[in-house]
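Here are some friendly notes to read with the structure open beside you. They are arranged as numbered points, so feel free to dip in wherever you like.

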Amino acid sequence: SDREVLIELKVYLESHNPTNGGMYTAWKTKEQDVCQWPGITCTPQRSRVIGIHLSESLIAGGLFGNFSALTQLTYLDLSRNTIEGSIPYDLSRCQKLKHLNLSHNIIEGELNLTGLSNLEVLDLSVNRIAGTIHSSFPLFCNSLVVANLSTNKLTGRIDNIFSGCRYLKYVDFSTNRFSGEIGARLGKLVEFSVSENVLSGNISASVFRGNCTLRVLDLSENGFGGEFPGQVSD
């Protein structure tokens with residue numbers, strides 16, 4: 001049951017954080033109604049757990065490896081802790097997850113969330129995630145609206161990775177090590193930042209073709225050359 005999984009999560013967190021703990025230490029395991037536990041959100045019928053919010057909860061150690069047992073989980077926020085290690089494969093099995101925030105931790109390894117096809121908001125900023133995303137990102141971006149991967153150690157090209165992201169509007173890939181040209185059409189985005197990378201080449205007017213909705217564009221501190229197309233200001 002969801003209650004058993006949350007008790008397992010509580011035991012896991014307390015074993016890795018024996019001295020200081022966050023709101024999960026207030027989870028009273030003798031209470032049957034987990035919907036009253038701090039940081040837990042349930043369905044209106046109070047029958048299933050759909051959200052976990054443990055931001056700034058003094059969590060250290062690796063990421064809990066059994067979130068997928070919460071089969072109705074749609075919201076997970078573990079930001080602003082000191083979670084380390086790589087993202088376990090189990091997280092990719094949380095197929096109903098729509099909001100994932102693991103920002104401001106010390107997570108490393110490669111980005112592999114290929115099973116999260118319903119994800120709408122992804123924030124992995126300020127971590128140590130490395131490797132390329134050219135092949136993995138398109139596999140879970142079908143429903144994405146917000147993608148923040150800023151301040152990591154990501155490398156490789158990012159051109160043409162947004163073509164299958166039908167709803168993507170807000171992208172922040174700043175402060176990484178991405179290289180190559182932009183290439184992709186950005187007109188359907190609202191905000192796009194790739195500042196502080198090693199991108200190069202010319203900025204083509206074709207990037208902004210169509211019914212451009214772009215409001216914020218940050219290409220600073222890269223290696224672009226040539227003239228900037230005037231169409232972007234129209």
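**Notes on the cysteines, the cavity and the sheet**

1. Let us begin with a cysteine pair. Cys141 is joined to Cys165 by a disulfide, with 2.1 Å from S to S. Please keep in mind throughout that this is a predicted model. The link of Cys141 and Cys165 is left-handed, with -90 degrees about the S-S bond. Cys141 sits in the loop between β9 (128-131) and β10 (146-148), while Cys165 sits in the loop between β11 (153-156) and β12 (170-172), so this disulfide ties together parts that are 24 residues apart in sequence. Cys141 and Cys165 are both buried.

2. How many disulfides does the count come to? The count is two. Besides the pair just described, Cys35 and Cys42 form a disulfide, and their sulfur atoms are 2.1 Å apart. The link of Cys35 and Cys42 is left-handed, at -100 degrees about the S-S bond. Cys35 has a relative accessible area of 14%, so this residue is buried. Cys42 is also buried, with a relative accessibility of 14%.

3. When the bonded cysteines are counted along the chain, the disulfides follow the pattern 1-2, 3-4. Cys94 is in no disulfide, and the nearest cysteine sulfur, which belongs to Cys42, is 16 Å away. A relative accessibility of 4% puts Cys94 among the buried residues.

4. Why is Cys212 too far for a bond? The closest cysteine sulfur, in Cys165, is 17 Å from the sulfur of Cys212, whereas a disulfide needs the two sulfur atoms within 2.5 Å. If you are thinking about accessibility at this position, Cys212 is partly exposed, with a relative accessible area of 27%.

5. On to empty space inside the model. Rolling a probe the size of a water molecule over the atoms shows where empty space is left. The structure has one cavity of 30 Å³ or more. The largest cavity holds about 60 Å³ of space.

6. Which residues line the largest cavity? They are Leu9, Tyr12, Leu13, Leu54, Ile59, Gly62, Leu63, Phe64, Phe67, Leu78 and Ile83. By class, this lining has ten nonpolar residues, one polar residue and no charged residues. Helix α1 (residues 2-16) contributes the most to the lining, giving three residues.

7. Now for the sheet. Nine strands make up an open sheet with mixed pairing, in the order β1-β2-β4-β6-β8-β10-β12-β14-β16. At the edges stand β1 (40-42) and β16 (216-218); each has a single partner strand, so one side of each is left without a neighbour in the sheet. From one strand to the next, the twist averages 10 degrees.

8. A closer look at one strand pair may help you find your way around the sheet. Strands of a sheet pair through backbone hydrogen bonds, either parallel or antiparallel. In which sense do strand β6 (residues 99-101) and strand β8 (residues 121-123) pair, parallel or antiparallel? Strands β6 and β8 pair in the parallel sense, over three bridges. Asn101 has Asp123 as its bridge partner in β8.

9. Strand β12 includes Asp172. Is Asp172 buried or partly exposed? Asp172 has a relative accessible area of 23%, and buried would require a value under 20%, so this residue counts as partly exposed. The C-alpha atoms of Asp172 and Leu217 are separated by 9.9 Å, with their positions 45 residues apart along the chain.

10. Two backbone angles are worth a glance as well. Most residues other than glycine have a negative phi. Val126, however, has a positive phi, near 55 degrees. Val126 is located in the loop between β8 and β9, and this residue is partly exposed, with a relative accessible area of 30%. Asn160 also has a positive phi, near 65 degrees. Asn160 belongs to the loop between β11 and β12, and Cys165 likewise lies in the loop between β11 and β12.

Notes
Residues numbered from 1 in each chain as written. Predicted model: local features only at pLDDT ≥ 70, side-chain atom pairs only at ≥ 80, totals over all residues. Heavy atoms only, no water. Buried < 20%, exposed > 50% of the residue type's maximum accessible area, 1.4 Å probe, protein only. Helix = DSSP H or I, 4+ residues; strand = E, 2+ residues; numbered from the N terminus. 1 Å grid on protein atoms, 1.4 Å probe; cavity = no way out; pocket = protein on both sides within 12 Å on 5 of 7 lines; lining within 4 Å. Points joined across faces, edges and corners; volume = space filled by probe spheres on them. Nonpolar A, V, L, I, M, F, W, Y, C, P; charged D, E, K, R; others polar. Pairing = 2+ DSSP bridges. Axes fitted to C-alpha atoms, helices over the stretch in contact; angles between N-to-C directions.
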